[in-house]
Amino acid sequence: MALLPIVQYPDPRLAKKAEPVAVFDDKLAGLAADMAETMYAAPGVGLAAPQVGELIRMVVIDISEEKNALLVLVNPEVEAASEEIVECEEGCLSLPGLYEKVKRPAHVRVKYQDLQGASHELECDELMSVCVQHEIDHLDGVVFIDHLSLFKKQRAAARLAKMRKEKARAAKRREQDA
Ligand code: K1U
Ligand code: ZN
């Protein structure tokens, strides 16, 4: 297993639509294992293949406290979404440190394949619903700040740039002090 570098916004790979998975082999299982290790280490509750530079339709999710309920969703699709909309705070490992409220359907039913290619359905609500919609967005080249108004998106991008500058300055100071 290996830790993979996480692609950072606004890398153009995060804006591309990912390709469906057609071959269910050991290479796919190896990538899923590496993605899971990367998600747990970050730490995060989800990770989509484009976030590690692989433009294929696969995501890993584990919202459990104990980090022992890994789900690997291949070719996930929202089959049904509730009319009820909720607003939840979201973060993203490709925009670390930025948290914004996003409106999404409260409940979704998702169909997906597992690593052997078998089909499944999953009823999702609360954090699982937010997370699965956020990860499927990544497969469609959408990041969570794309759901905001242009004003809020530009403000969020400016805040992210400021945080990155401050982080780089702090790292430089530490280097000089060492
Ligand atoms: O796709 C990603 O970048 C992962 C993202 C998933 C997500 C979290 C919250 C709402 C929507 C989508 C994250 O995991 S960000 C990190 C985070 O929020 C978190 C980290 C550890 C424990 C709990 C949450
Ligand atoms: Zn994300």
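## Two ligands and three backbone oddities

Pro43 lies in the loop that runs between helix 1 and strand 1 (46-48). The model shown here is predicted. The peptide bond leading from Ala42 into Pro43 is cis. Its omega is near -5 degrees.

A second cis bond links Tyr9 to Pro10. Here omega is about 5 degrees. Pro10 belongs to the segment before helix 1 (26-41).

Lys67 stands out in another way. This residue is not a glycine, yet its phi is positive, at about 55 degrees. Lys67 sits in the loop between strand 2 (58-61) and strand 3 (71-81). Most peptide bonds are trans, and most residues other than glycine have a negative phi. That is the background for these three places.

**Ligand 1**

Where does ligand 1 sit? Ligand 1 occupies the largest pocket. There are 13 residues around ligand 1. Those that come nearest are Val45, Gly46, Gln51, Leu93 and Glu135. By type, the shell holds five nonpolar, six polar and two charged residues. Helix 2 (residues 126-139) gives the most to this shell, with four residues.

Oxygen atoms of ligand 1 have polar partners in the protein. The table lists them.

| Residue | Polar atom in the protein | Distance to an oxygen atom of ligand 1 |
|---|---|---|
| Val45 | backbone | 2.8 Å |
| Gln51 | side chain | 3.0 Å |
| Glu135 | side chain | 2.7 Å |

How much of ligand 1 does the protein cover? On its own, ligand 1 has 530 Å² of accessible area, and the protein covers 80% of that.

**The zinc ion**

Ligand 2 is a zinc ion. Which residues coordinate the zinc ion? The donors are Cys92 through SG, His134 through NE2 and His138 through NE2. Their distances run from 2.1 to 2.3 Å. Along the sequence, the donor residues follow the spacing C-x41-H-x3-H.

Why are His134 and His138 separated by about one helical turn? The two histidines are four residues apart in helix 2, so about one turn of the helix lies between them. Helix 2 therefore appears at both ligands: it holds His134 and His138, and it gives four residues to the shell around ligand 1.

Technical notes:
Residues numbered from 1 in each chain as written. Chains lettered and ligands numbered in written order. Predicted model: local features only at pLDDT ≥ 70, side-chain atom pairs only at ≥ 80, totals over all residues. Heavy atoms only, no water. Near = heavy atom within 4 Å. Polar contact = N/O pair within 3.5 Å; in protein donor to acceptor, adjacent residues only side chain to side chain. Areas by Shrake-Rupley, 256 points an atom, 1.4 Å probe, with all protein chains shown as cover. 1 Å grid on protein atoms, 1.4 Å probe; cavity = no way out; pocket = protein on both sides within 12 Å on 5 of 7 lines; lining within 4 Å. Sits in = over half its atoms within 2 Å of the grid points. Nonpolar A, V, L, I, M, F, W, Y, C, P; charged D, E, K, R; others polar. Donors = N, O, S within 2.8 Å, 3.2 Å for Na, K, Ca; no water.
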